[in-house]
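Dear colleague,

Please find the structure below, handed over for your study. My account of what was found in it follows.

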Amino acid sequence: MTSAKSTIRKRDKQDWLCDRVAAPWGTNTPGPDAEWLFRKEFEVRPFAQARLFITAQGVYEAEINGHRVGDHFMAPGWTSYDRRIQYQTYDVTAQLLSGPNCIGVRVAEGWFCGRIGFEGGHRNIWGPHPALMAQLEICFEDNTVAIIPTDSTWAVQKGPIQLAEIYNGEKYDATREVPYWSTIVPEGAADVSHAWQPVYCMPPLSEHVELTAAFGEPVRRIEIIQPTQQLLSPTGKSILDFGQNLVGYLRLRNIKGSRGHKLILSHAEVLEREELCIRPLRQCDAVDEYILKGDQAGERYEPRFTFHGFQYAQIDGWTSDCKLIDSVEAVVCHTDMKEAGSFTCSDKLINQLYQNIRWGMKGNFLSVPTDCPQRDERLGWSGDLALFAPTAVLLFDCYDFLKNWLVDVWYDQQTLDGVPAMVTPNATLPDPVWCRRKPCAIWHDVTILAPWALYEETGKVEILEQQYESMSTWMQKLPRNKECCTHLWDTSIFQLGDWLDPDAPPDAPWKGKTDAQLVANSFLIHSLELMTRITHLLHKDEEKAEFEKEFEAAKKEFQEEYVTSNGRLVSDSQAAYAIAICFNLLTPTQQERAGNRLVYLVRKSNFRIGTGFAGTPFLCEALALTGHIQVAYAMLLEKNCPSWLYPVTMGATTVWERWDSMLPDGSINAGEMTSFNHYAFGSIAKFLYERLAGLQRLEPGWTKCRVAPCIGAEFSEASASHETAMGLVSCSWNTTDSDGNKSRLGVRVRIPPGMTCEIVLPEGSGELRKTVGAGGWAFETAFVRDYEWPVRSLPPKS
Ligand code: BGC
């Protein structure tokens, strides 16, 4: 025990007096290893307070005197470990005793050295084996401090978790449990001290690696879901259906059977021909195993160091006399974000769509924003977040979560000579193809789009300051043409374009119908426009002038290259028009005509969606902006594939990666990439809030908002609320149709102190406009539903 006379405060590097410890056999482990149990006994005199500072290269759970420390899941979380490792601080005053104590920490490979990455992934991306760093700081009444650091006096041995892999799952052998591993061994208990080996003290962390406190809440076990039914598959398998596609794991009780008997828990998002459909998981087993110790009173099991994306779980080997369905529950895990928004309306399917979007975000905001939570990826794909961020901030308070991730985006970008990584943390590092600098529109525009979304939501300029170097470096590095249109993207660079356009071949999602260069350049101009606003906010006058010039020049070249004077675009597609309209790339006349052309295309497609990741967030909004809200509603309410409601009619409880991840006959899309939990297409939730419910943020940080419901289709009510720094803002409306198409509209609005709100409501054939401040407000107007509904698609011949 080291003594020091100091008070406990925030950690700096020099405050870490502990050694980085590992198992002595660690460096010679060829494949995945069992978890490691670390242990230290120590004596403490009466004390006032105790805190544990701890982190790992890998994932850990700590216990003091047999009691779990904290409630984090997969701590210390995932960061770009070659630069930044988060540590946690736990108040353990209540767990520590005056007298003899024992601390135990189980450590497994996690993201650090477990298999992770793209196309099957790699092991040992950030290091060859796990390691632990911890120090327990005990404060006494006389203000002295004693420190119990990890050092050569700690012992280690393998634990019962034989394999802890994020993709393949956890294998727990209860016959190998180590009694009293985190407690003082009671007198008379069998002496097993020979199994413990002294730890190996590793060299200190490289000076380039920062140990940092986390910005936000950790990943936690958030809620419990009970199975809704137990199915018997055609091949005789017992399958539990949880009624919700979720991210987490299974918790089992009443496990009974002979010692050594194995329970196998397999997970899948969907069934195909009534059996688990595991093909979409690719190189990912998603199987947890439990080997019984044979306790006839019943055993319990829940994995600690893995998670799965699933609605269905197949349990093989259940030999207990207790009913399976009564013995299993699902534990939902994600970063513990506060829910910031709510939305409902009179259409049940749209409400289910909104719930699906919420669930999609929860499951994919697990330590970092991921593409999907179930297959062999679960990576921080930057493009997905770039497109979803403006919606994400409306659903959950994810400011700290994304702020943390953006630090790593900038770090990874620096290691790639200023071009951001496709995924952050950069889990493609050892891959010769993916680790190359691969500039890519949208995906790399995350450097600007995500901080901007956070700024708009909170009004916090700090996030723009924090990320300024990242965004300006990207704008410099973005490769432009050498000849002709020199302000636009270098045309020789491969682009992902309107990724997953429904008309793209299933195995080539980048081959959509919209020119990928047009898409890339639209986002470039949007980014340049944001850069002029950002430099203005940061008082960078010279840079602002430069970005303004660049923006104007790029926009002019875009016009010359892609737009006719009458507002037709070279790609006559929904995505091209939607993006150009929303990014304001057209003159007012072109904008109007582009809106009409978009309506034509939408009617021609019978209101089915023709966009992928890039175009989808802008589709309905572009229709609303150009005065075609009823056409937008016709698209929103369409149930044939591709549409937002098609998956809902197929029983979806999350947002799918492909519009047709499941085909109308219930079979699963044969494409390589078929996830049932990808948030990108959920970006429509922003439209639901802003247009259908009518709650719009006008000023960054919500100092000013607008309530302007777009009444339409057969909607008879809608409401939305949002938790802002000033308090809850909410609006709800309902209509009562009286005579023919005459209707009365009732609107209720609640505005917190510090916010002003512009009210815009239909009244007669005109508008009621009013500005209100804090308080509860109610309005009633009479108006006429003088719109075409249902909206007609084009006659077949046109
Ligand atoms: C991911 C996507 C990602 C894309 C880009 C996919 O495998 O799941 O969401 O953006 O690759 O290449």
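**Aromatic pairs and the ligand site**

Across the whole structure, a search finds 35 aromatic pairs. Please keep in mind throughout that this is a predicted model. A pair of aromatic rings is described by two quantities, the distance of the centres and the angle of the planes.

One of the pairs is formed by Phe118 and Trp381, which meet edge-to-face, at 5.2 Å centre to centre and with 80° between the planes. This pair links distant parts of the chain, as its two residues are 263 residues apart. Phe118 belongs to the loop between helix H1 (110-113) and strand S9 (131-139), while Trp381 belongs to the loop between strand S29 (368-369) and helix H3 (382-395). Phe118 and Trp381 are both buried.

Another edge-to-face pair is made by Phe523 and Phe583, with 5.0 Å centre to centre and 90° between the planes. Phe523 lies in helix H7 (residues 516-537) and Phe583 in the loop between helix H9 (574-582) and helix H10 (588-604), so this pair ties together parts that are 60 residues apart in sequence. Are these two rings buried or exposed? Residues count as buried under 20% relative accessible area. Phe523 has a relative accessible area of 1%, and is therefore buried; Phe583, with 4%, is therefore buried as well.

Aromatic residues also form a cluster, made up of Trp78, Tyr81, Trp111, Phe112, Trp126 and Phe307. Phe307 has a further partner: the charged end of Arg378 sits over its ring, 5.1 Å from the centre. A similar arrangement involves Tyr468, whose ring has the charged end of Lys540 over it, 4.6 Å from the centre.

I turn now to the ligand. Which residues come nearest to the ligand? There are 13 residues around it, and Asp371, Arg375, Glu377, Asp384 and His678 come nearest. By type, the shell around the ligand consists of 7 nonpolar, 1 polar and 5 charged residues.

Several side chains place polar atoms by oxygen atoms of the ligand. For Arg375, an N or O atom of the side chain is 2.8 Å from a ligand oxygen atom. For Trp443, the distance from a polar side-chain atom to an oxygen atom of the ligand is 3.0 Å. For His678, a polar side-chain atom likewise lies 3.0 Å from an oxygen atom of the ligand. Taken alone, the ligand exposes 310 Å², and the protein buries 98% of that area.

With kind regards

Technical notes
Residues numbered from 1 in each chain as written. Predicted model: local features only at pLDDT ≥ 70, side-chain atom pairs only at ≥ 80, totals over all residues. Heavy atoms only, no water. Near = heavy atom within 4 Å. Polar contact = N/O pair within 3.5 Å; in protein donor to acceptor, adjacent residues only side chain to side chain. Areas by Shrake-Rupley, 256 points an atom, 1.4 Å probe, with all protein chains shown as cover. Nonpolar A, V, L, I, M, F, W, Y, C, P; charged D, E, K, R; others polar. Phe/Tyr/Trp six-rings, centres within 6.5 Å; stacked < 30°, edge-to-face > 60°. Helix = DSSP H or I, 4+ residues; strand = E, 2+ residues; numbered from the N terminus. Buried < 20%, exposed > 50% of the residue type's maximum accessible area, 1.4 Å probe, protein only. Lys NZ or Arg CZ within 6 Å of the ring centre and 35° of its normal.
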